[in-house]
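Reader: I am in my first year and would like a close look at a single part of this structure. Could you please take me through the salt bridges and set them in the context of the whole chain?

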Amino acid sequence: VVYDNDASAVLFGGYLVIDHGNGVEATYKFIDIADGIGRGSEIKRGQVIGKLSQATGTENFVGAHLHLEIRENGELADPETFLELIEK
């Protein structure tokens with residue numbers, strides 16, 4: 001886990017990068033990172049990593065939302081290929 005709740009929070013709120021192995025990383029921006037999660041933390045499936053926070057910077061007008069990026073071998077990838085999506 002790479003995270004930041006400090007200087008870069010001005011642009012992205014809190015952000016968290018989770019290395020899933022095999023060259024896949026997920027970046028979550030505009031979150032208030034959960035207590036106990038820090039650089040080098042191991043995250044387990046289903047674990048709460050944070051809560052939505054108010055967007056800042058150029059995305060402030062959008063309101064609270066999650067910005068999710070998936071990278072595979074350093075290249076942006078379509079998150080739908082990695083997520084198990086269900087209907088509510």
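**A close look at the salt bridges**

Author: Both Glu69 and Lys29 are buried. The model in which these residues are seen is a predicted one. The side chains of Lys29 and Glu69 form a salt bridge, with an N to O distance of 3.4 Å. Because Glu69 belongs to strand β5 (residues 67–72) and Lys29 to strand β3, this pair ties together parts of the chain that are 40 residues apart in sequence.

Glu69 has a further partner. Its side chain also meets that of Arg71 in a salt bridge, here at 3.8 Å from N to O. Glu69 counts as buried because its relative accessible area is 17%, and the cut-off for buried is under 20%. Arg71, with a relative accessible area of 29%, is partly exposed. Lys29, Glu69 and Arg71 are thus linked in a network of salt bridges.

In total, the structure holds 3 salt bridges. One of them joins Glu42 to Lys44, whose closest N and O atoms are 3.4 Å apart. Glu42 is exposed, since its relative accessible area is 62%. Lys44 is exposed as well, with a value of 54%; the cut-off for exposed is over 50%.

Ser41 may be considered next. This residue lies in the loop between β3 (24–33) and β4 (50–52). Ser41 is buried, with a relative accessible area of 19%. The side chain of Ser41 reaches the backbone nitrogen of Gly38, at a distance of 2.8 Å.

These details may now be placed within the chain. The chain contains 1 helix and 6 strands, and from the N terminus on its elements follow the order β-α-β-β-β-β-β. Of its 88 residues, 32% are buried. Among contacts between residues at least 6 apart in sequence, 40% join residues at least 24 apart.

The surface completes the account. About 6300 Å² of the chain is exposed, and carbon and sulfur atoms supply 51% of that area. A nonpolar patch on the surface is formed by Phe82, Leu83 and Leu85, which together have about 270 Å² of accessible area. Within this patch, Leu83 lies in the segment after β6 (75–77). Leu83 counts as partly exposed because its relative accessibility is 40%.

Methods. Residues numbered from 1 in each chain as written. Predicted model: local features only at pLDDT ≥ 70, side-chain atom pairs only at ≥ 80, totals over all residues. Heavy atoms only, no water. Helix = DSSP H or I, 4+ residues; strand = E, 2+ residues; numbered from the N terminus. Buried < 20%, exposed > 50% of the residue type's maximum accessible area, 1.4 Å probe, protein only. Contact = heavy atoms within 4.5 Å. Areas by Shrake-Rupley, 256 points an atom, 1.4 Å probe, with all protein chains shown as cover. Patch = residues over 30% accessible without salt bridge, like charges linked within 9 Å, V, L, I, M, F, W, Y side chains within 5 Å. Salt bridge = Lys/Arg side-chain N within 4 Å of Asp/Glu carboxyl O. Polar contact = N/O pair within 3.5 Å; in protein donor to acceptor, adjacent residues only side chain to side chain.
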